[in-house]
Structures are given as C-alpha cells and as structure tokens.
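Biologist: I am new to this structure and would like to learn how its features are read. Could we go through them one at a time?

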Amino acid sequence: MRVLLIAVVTMCAQTLCAAEIPALVGDGVRDDTAAIQARLDAGVSCVYLPPPEKEYCISKSLELSSGQELRLDRFTKVRLLPGSNCPMVMNRDREKGNVGIAVTGGRWEFDNVKQLGNLFLAKEQRPPSLGYPRGCIFFFDRVERLTVRGVTFANPVTFSCQLMRTSHFTVEDVNFDFTTWNPKPINMDGINIHGGSHHGRVANLRGTCFDDMVALNAHDPKAPYGPLPITDIDVDGLYSDFTHRGVRIYSCGRQPVKRVTVRNVHIKTYRNAVGITNFRPNEGPGVFDDIVIRDIQSSVTHEPDDSYHDPVAWPLVWVENNCEVGHLVIDNLCRTETWRAAHPTIGIDPKATVEHLVIGNCRQVNETKDDLVFLVNRGKVDNLELGTVSLKSASGAGRSVLRDDTAACGRIFPNFTPNVRPKEK
C-alpha cells in the first residue's frame, strides 16, 4: 500500500511539472524561448530538443546553468527572431561563473540582416549600442569545463562563439555557414577567445569566416574587465577554400599569450594563415612565447568584392610591428601559390622582435609570373634556425626566393590592387 501511495504521489508531481512547462512548437513562426528555457530551468542535466516540425524560434538568450547540456540533433535549426539583438546561448552566472556546460548539435541561425548591424563601422554608420556582448551567436564568460560540439553557426553579426575567462574547454566539429552580412562582410569571427582563458582545444572548423576563424585576444578594449593572459591553447584543424584569416594571436599592453600550438591548417586566405599581431600598439607591445605553428597548407586569394579595401601584402605567417616574441617554431609550412606573389610566405615587420625563430621542413612552389619570397625579415631576430626549405617554380613562373631581409613586407605595394583578380590556375 505504501509503495502504491509513493508511486501515485510521484506520478502526480511529474504531471504537475509537465503541465507547468510550455509545449515546444517548432513551427518556424511562434516563439519557443519560454518553452526551451523552462526545460533548462527545471535543472535536469541534459535538455534534448527533438526534431521540430520546421525550426525553433527564440527571441532571448537561452541560459545554461552549471552541470547542464543542451542537446540537439545535428541539423535541427534554431533561428533568432528579427530584432532580438542578443546572443542565442549564454551561461547563466557570468559574475560568479559556471562549471560544466555543454551545447551539442544544432544549426544556430542568427539571421544578421534582421538584427542591428555590425558595430565596427565608421561612427556615423553605427546603429545604437548593443552593449556587451555584441552580435555574437554563443557567449560564455567565466566557464570552467565548457564543451561546444557538432554545431553549425550561420550568419552572425559579429562572432560565432565568444569565450571570456573560460578554462579547460573544447570547441570542435564546427561548421561556419556565412551567406549574409549586415552591412558588410567584415568582423565576422568564428571562435573568439578572450583574456583569462586557458587550457583549451579548438579543433576541426570548416567554412568561410569574414574575419578570423580563430582569434586569441588577450586585450579587448570593449571587454567589461581589464586585459588578462591567454595560455595553453591548441588549435587543430582549419579547413576553408576561402576565408579572411586562419588564426590571429593578438595582444597589447604586455599581456602575454603563451604556449599556443596551431596545426593542420588547410585554407585559402585573403589575410594570413596565422598572424601574431598587436591590436592596439599605442597601449604597449604584445608579448608572446612558446608559439608553435606546424603542418600548414595555405595560399592567398582575393578579398570579397564588398569588403573594405586595404592594399597591403599580407604574409601567410605574420609577426606584426610592436610584437615581442620569445620562442617561435614554424614547421612543415607548405605553399603552392597560383594567385599573387606580392604576399611573402613568412613576414616579420620592422618593429617586431623574435628571440628564437625555428623554421624547417617547409616547401614553397611559385606558379605566378612574379618572384615569390619565402622569408621577409625586417625586424630583429636574435637567433634564427633556418632548416630545410624546398623552393620550386613552375615553368614560365617567377623565381622562388628563400629570403629577402630588405623587401617591403607589410607596406602598400606599388601597382597592387587587391580586388583586380588575376586568373587562378
């Protein structure tokens, strides 16, 4: 009798709980925010959204608590309703932090043409401020043990996924599907990792981004806290036929970025495969150490027609002015260039310093009509270990040159118009 009574009470409690949670609609018209958030607020460890009739629509950020996973089938679509202007997913406690959060699966459509536009425009063109965060699809701050896996990010205003002060994280198996922009294809990052983040792995990213596929940013002036170091990050596997940049590692004000490995990059880029940069040189040098770049297959291509035009010869691997680098290894960097030889393969700017630079097991093939330089060093390299570099030129092509320490890496090249497209082979 007692067992039967307990069963009845339990059944009633479950029925009452279910009755209080709104039903999921998924018709692509009605707002499912309350229904999804109610399931998260119930406190279960895994909230699974079944395949909808069409797609789920939300108008506010879905917030996950510690120890929660939001799980969707790979191609279940969630769309941000027009004018919502908010991240689609966030962690709940961004002041004290969360532990153990995961988002698995789903196509997350930000629908940027129906949101406020990109804030990184001339002042007279900017929309009203969105505050912070701004225009990104996922936003996490102060999360330990974060996992984002098996997702597609579609059409953000700015970043697909932004991490701040996040540790022991994994972001992997991600597609970028950027087909629209607002108002121009600029400043649309893939995975953007900010200061205070450490011990993370970003792996197997695919598709086109109209800014960095991965950015490590130790000092964002718009962040609601001061600059912080970034350490112990692995980036493994970038794949794109056309993208702005593979990985940007940047700092200023002496905030260090240390122990970073970038490997298995297979991209055509109109900026860099990997850039070590200083975003705000007036605030002091960027400091970098123990940076390893290896297994890179990359070449350059044209900018989008309606992007901003910046006629600079961008090296595939670039160390920018006002960067102080300790140990830098570049291994198995391979480039077959069919597009334009003005861009060096490795370039070090005049006000950059590298204490110890190791280059080896590299290959460069020139199939353009002009000379292609492998290493342009205009900065200060204290110790250079230059190992095997294979240099070849196709029949009728220009030379493939090992190094030129006086060439004009990074400046505006005469007769260089970036969007006049030579015929690709």
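Modeller: What follows is a walk through the sheet, a helix, the cores, the rings, the cysteines and two serines.

Biologist: What should I know about the model before we begin?

Modeller: This is a predicted model, in which local features need pLDDT of at least 70 and side-chain atom pairs count only at pLDDT 80 or more, while totals for chains, interfaces and linings use all residues. Residues are numbered from 1 along each chain as its sequence is written, and side-chain values use heavy atoms, with hydrogens and water left out.

Biologist: In what order do the strands of the open sheet run?

Modeller: Helices (H or I, at least four residues) and strands (E, at least two) are DSSP runs, numbered from the N terminus, and two strands pair if DSSP finds at least two bridges between them. Here 12 strands form an open sheet in the order β4-β7-β10-β12-β14-β16-β18-β20-β22-β24-β27-β30, with parallel pairing. Its edge strands, each pairing on one side only, are β4 (62-64) and β30 (400-403). Neighbouring strands of this sheet are turned against each other by 10 degrees on average, direction ignored; the axes behind such angles are lines fitted to C-alpha atoms, for helices over the stretch in contact, and the angles run from 0 to 180 degrees between N-to-C directions.

Biologist: Which residue is the bridge partner of Glu63 in β7?

Modeller: The partner of Glu63 is Met90, and β4 and β7 (residues 89-91) are joined in the parallel sense over three bridges. Further along, four bridges join β10 (residues 138-141) to β12 in parallel, with Asp141 opposite Met164 in β12. Three bridges then join β12 to β14 (residues 191-194), again parallel, and there Gln162 has Asn192 as its bridge partner.

Biologist: Are the residues on the two faces of β12 buried or exposed?

Modeller: Buried means under 20% relative accessible area, exposed over 50%, and partly exposed in between (1.4 Å probe, protein chains only). Both faces of β12 (residues 161-164) are covered, since Cys161 and Leu163 on one side and Gln162 and Met164 on the other are all buried.

Biologist: How many residues of helix α2 are buried?

Modeller: Seven of the nine residues of α2 (residues 33-41) are buried, among them Thr33, Ile36 and Arg39. The elements that cover the buried residues of α2 include β1 (27-31), β2 (46-49), β3 (55-58), β4 and β5 (68-72), where contact means heavy atoms within 4.5 Å. After α2 comes Gly43, whose phi is positive, near 85 degrees.

Biologist: Which residues have the most contacts inside the largest nonpolar core?

Modeller: A nonpolar core is a set of buried Ala, Val, Leu, Ile, Met, Phe, Trp, Tyr and Cys residues joined through side-chain atoms within 4.5 Å. The largest one has 85 residues, and those with the most contacts inside it are Trp108, Phe138, Phe140, Phe153, Ile249 and Leu328. Apart from it lies another core of seven residues, including Met90, Phe139, Phe159 and Met164.

Biologist: How many aromatic pairs are there?

Modeller: A pair of aromatic rings is described by the distance of the centres and the angle of the planes. Rings of Phe, Tyr and Trp (its six-membered ring) pair if their centres lie within 6.5 Å, and planes under 30 degrees apart count as stacked, over 60 as edge-to-face and the rest as tilted. A search of the whole structure finds nine such pairs. The rings of Phe138 and Phe140 have centres 6.1 Å apart and planes at 85 degrees, so this pair is edge-to-face; Phe138 and Phe140 are both buried. Ring pairs also link Trp108, Phe138, Phe140, Phe153, Phe176, Phe178, Trp181 and Phe210 into a cluster.

Biologist: Why is there no bond from the sulfur of Cys252 to the closest cysteine sulfur?

Modeller: A disulfide is a covalent bond between the sulfur atoms of two cysteines. The rule used is a pair of cysteine sulfur atoms within 2.5 Å, and by this rule the count comes to zero disulfides. For Cys252 the closest cysteine sulfur, in Cys323, is 9.8 Å away, which is too far for a bond. Cys252 counts as buried because its relative accessibility is 1%.

Biologist: Where is Ser160 found, and where is Ser298?

Modeller: Ser160 is found in the loop between β11 (143-154) and β12, and with a relative accessible area of 0% it is buried. Ser298 is found in β21 (residues 286-300) and is buried at 4%. Ser298 and Glu337 are 39 residues apart in sequence, while their C-alpha atoms are 8.5 Å apart in space.
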